[in-house]
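Colleague: I would like a close look at one part of this model. Please take the charged side chains, and show me how they sit among the elements around them.

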Amino acid sequence: SFVIEAMKLLIDDLKDAETLEDDQFGLDDLKDVLKDAERRAAATQIENADTLTLDEMTSANIKLLWKQPNVKALFNETSKLSLNGPCAHFFDSLDRISSPTYEPTDQDNLMRRRTT
C-alpha cells in the first residue's frame, strides 16, 4: 500500500530531524514527535510492516502519527517536492480503506493514479 510507504518516508524524515544539531530549518517540533514512547512504538511497527497489507494495527499506528500536526506539516512540506499529495486523502480515510470489505471508490481510484 502506498499509504504505508508514504508514512515510512515521513518516519524517515522525522528520524532525520532528530539528528540535526541546530534548528535552522524550524524542525525542533518535529524532533519531539518520536520522543513520545507510544508514537515511537507506532513508528517502529510501521517501519516493520508489510507494505502490501494495511492491517488494523498498522492503520491504527498511521492514524496515531497522522493526528500529529507536525507530521501533517512535514507531509505538506515534502509533498511540494514529490507526488505524495494524494496520500493525504488515504491517510484521512484509514478506517474505510483498512476495512476487510474495502471497495475503492471512484475518488480512491483517481487519487491512486500517479503522474508518469
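Modeller: What follows goes through the charged pairs, then the buried charges without a partner, then the surroundings. Keep in mind that the model is predicted.

First, the frame. The protein has 8 helices and 0 strands. From the N terminus on, the order is α-α-α-α-α-α-α-α. Of the 116 residues, 39% count as buried. Among contacts between residues at least 6 apart in sequence, 55% join residues at least 24 apart.

Now the pairs. The structure holds 4 salt bridges. I will take three of them, beginning with glutamate 47 and lysine 15. Their side chains meet in a salt bridge, at 2.8 Å from N to O. Glutamate 47 belongs to helix 3 and lysine 15 to helix 1 (residues 2-19), so the pair ties together parts that are 32 residues apart in sequence. How exposed are the two ends? Glutamate 47 has a relative accessible area of 25% and is partly exposed. Lysine 15 also counts as partly exposed, at 27% relative accessibility.

Next come lysine 63 and aspartate 95. The side chains of lysine 63 and aspartate 95 form a salt bridge, at 2.5 Å from N to O. This pair links distant parts of the chain. Lysine 63 is in helix 4 (residues 56-66), and aspartate 95 is in helix 7 (residues 94-97). The two are 32 residues apart. Lysine 63 is partly exposed, with a relative accessible area of 26%. Aspartate 95 counts as exposed, at 53% relative accessibility.

Helix 7 takes part in another pair, through arginine 96. Aspartate 108 forms a salt bridge with arginine 96, and their closest N and O atoms are 2.7 Å apart. Aspartate 108 lies in helix 8 (residues 106-112), and arginine 96 lies in helix 7, 12 residues apart. Is aspartate 108 buried or exposed? Aspartate 108 counts as buried, at 0% relative accessibility. Arginine 96 is partly exposed, with a relative accessible area of 33%.

Now the buried charges that have no salt bridge. Take arginine 39 in helix 3 (residues 37-48). Arginine 39 is buried, yet it has no salt bridge. Which side chain of opposite charge is nearest to arginine 39? That is aspartate 36, 4.1 Å away. A salt bridge needs a nitrogen within 4 Å of a carboxyl oxygen, so at 4.1 Å this pair does not count. What else does arginine 39 touch? Not counting residues up to four places away in sequence, arginine 39 touches Asp32, Val33, Leu34, Leu64, Leu65 and Gln68.

Lysine 8 is another such case. Lysine 8 lies in helix 1. This lysine is buried and has no salt bridge. Its nearest side chain of opposite charge is aspartate 50, 7.2 Å away. With residues up to four places away in sequence left out, lysine 8 touches Ile46, Glu47, Ala49 and Thr51. Glu47 in that list is the residue that pairs with lysine 15.

Back to the surroundings of arginine 39. Val33, one of its contacts, is found in helix 2 (residues 28-33). Valine 33 counts as buried, at 2% relative accessibility. Leaving aside neighbours within four places in sequence, valine 33 is in contact with Leu14, Arg39, Asn70 and Val71. The C-alpha atoms of valine 33 and leucine 65 are separated by 8.3 Å, and these residues are 32 apart along the chain. Leu65 is also among the contacts of arginine 39.

Helix 3 also holds alanine 41. Alanine 41 is partly exposed, with a relative accessible area of 47%. Its C-alpha atom is separated from that of asparagine 61 by 8.6 Å, and the two are 20 residues apart along the chain.

One charged residue remains, in a pocket lining. The second largest pocket has a volume of about 200 Å³. Which residues line the second largest pocket? They are Ser1, Phe2, Val3, Leu52, Leu54, Phe90, Ile97, Tyr102 and Arg112. By class, that lining has 7 nonpolar, 1 polar and 1 charged residues.

To recap, aspartate 108 is buried and has a salt bridge with arginine 96. Arginine 39 is buried without a salt bridge, and lysine 8 is buried without one too.

Notes. Residues numbered from 1 in each chain as written. Predicted model: local features only at pLDDT ≥ 70, side-chain atom pairs only at ≥ 80, totals over all residues. Heavy atoms only, no water. 1 Å grid on protein atoms, 1.4 Å probe; cavity = no way out; pocket = protein on both sides within 12 Å on 5 of 7 lines; lining within 4 Å. Points joined across faces, edges and corners; volume = space filled by probe spheres on them. Nonpolar A, V, L, I, M, F, W, Y, C, P; charged D, E, K, R; others polar. Helix = DSSP H or I, 4+ residues; strand = E, 2+ residues; numbered from the N terminus. Buried < 20%, exposed > 50% of the residue type's maximum accessible area, 1.4 Å probe, protein only. Lys, Arg positive; Asp, Glu negative; His and termini not counted. Contact = heavy atoms within 4.5 Å.
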